[in-house]
Amino acid sequence: IEIMYGDTWGTVCDDDWDLKDVKVVCRQLRCGEAVSAELEFGGGSGVIWLNKVKCRGTEAHLWDCQHEPLGKNDCVHKEDAGVKCTDKDLLMVSSLLCHFSVFYTGYTGYRLVNGTDSCSGRVELQFGGKWGTVCDQYWTLNDANVLCHQLKCGYAIEAPGQARFGEGSGEIWADIFGCEGSETHLSKCPISVWGREGCTHANDAGVICSYLKLVNGRGPCEGRVEVLRNGQWGTVCDHNFNWDMKDAAVVCRQLGCGEALSAPRYAHFGGGTGRVLMSSVNCKGQESALKDCQSDTYYSCGNNHYFDVSQLIFEFDF
């Protein structure tokens, strides 16, 4: 078994290595059930990353198990740990299929291309000085959410595939990001490195981020309206009583939440904190995003949150 930390592959020492540890690896790599913890494939070379791994057998990932600090050991490569799972067709040393990384920091650039703004578009990552796209086969909304947060674009509302934003060119990165959605950066997500068979630029993954969210409601489609600007969340003020169902319709459309039920004023879901970032919003009702609506370029409410606007939405059940 080999793991990657940073951009360096290394082995695992077999001190305390047993079938419970193997069970976690087999589950994580979708390689069936644990068969053996014996080293049958020869020792590795280079760094030995993990030592004294002690899994309970129920963990989702190997790095969730107790272990010594990375790189701390007195092992040699004849003590490298081995894994054998029931699916023999998948467990091939020469294949990338059953390799995985703890945390992967090899990507040096992140961008969204060909979208309507810098917070939507085709996902492109830079590795080794080359930009490439991401295969959509295992790209999830959780992964997209982390990238949106990383790019200071709020959170993801969609992770479209099939080259929604056009086909890219060059490399195709087919790594599987195992993000939970709360990480601050894609480099903080564990990555499985899978084969690139079947991935073409027709499978390029995309992201659509939202500058908008609803807070303090009973769910993501109800609550106080907040917008993102320069990496900071703030509220929308309506001291001129302009906030109405047309504005509400745009918010609902942008969030993919269905039809608006009402557009309450006077901090119906509680006043926010921090800055008021929009005021006197006046939408026509057909805009695709709240930022496309007419609004004051100065914030005449100051930071008085008494006039914070809210949203009640009928959420479609698909």
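C55 comes out as buried because its relative accessibility is just 5%, where buried means under 20% relative accessible area, exposed over 50% and partly exposed in between (1.4 Å probe, protein chains only). C65 is likewise buried, with a relative accessible area of 5%. These two cysteines form a disulfide with their sulfur atoms 2.1 Å apart, a disulfide being a pair of cysteine sulfur atoms within 2.5 Å. The dihedral about the S-S bond is 100°, making the link of C55 and C65 right-handed. Both C55 and C65 lie in the loop between β4 and β5, so this pair ties together parts that are 10 residues apart in sequence.

All of this comes from a predicted model, in which local features need pLDDT of at least 70 and side-chain atom pairs count only at pLDDT 80 or more, while totals for chains, interfaces and linings use all residues. Residues are numbered from 1 along each chain as its sequence is written, and side-chain values use heavy atoms, with hydrogens and water left out.

By the sulfur-distance rule, the count comes to 8 disulfides. Another of them joins C13 to C75, with 2.0 Å between the sulfur atoms. Here the S-S dihedral is -85°, and the link of C13 and C75 is left-handed. The pair links distant parts of the chain, 62 residues apart: C13 sits in the loop between β2 (8–12) and α1 (19–28), and C75 in the loop between β4 (48–50) and β5 (84–85). Helices (H or I, at least four residues) and strands (E, at least two) are DSSP runs, numbered from the N terminus. Both C13 and C75 are buried.

C148 and C209 also pair up, their sulfur atoms 2.0 Å apart. This link of C148 and C209 is left-handed too, at -90° about the S-S bond. C148 belongs to helix α2 (residues 141–150) and C209 to strand β14 (residues 206–210), so the disulfide ties together parts that are 61 residues apart in sequence. Both C148 and C209 are buried.

Then there is helix α3 (residues 245–255), whose buried residues are D247, A248, V250, V251, C252, Q254 and L255. C252 is buried because its relative accessible area is 1%. An α-helix has 3.6 residues a turn, so residues three or four places apart point the same way. At the start of α3, a side-chain oxygen of D244 reaches to within 3.1 Å of the backbone nitrogen of K246. After α3 comes G256, with a positive phi near 65°.

Terms used. A polar contact is a pair of N or O atoms within 3.5 Å; within protein, one must be able to donate a hydrogen and the other to accept it, and residues adjacent in sequence count only if both atoms are side-chain atoms.
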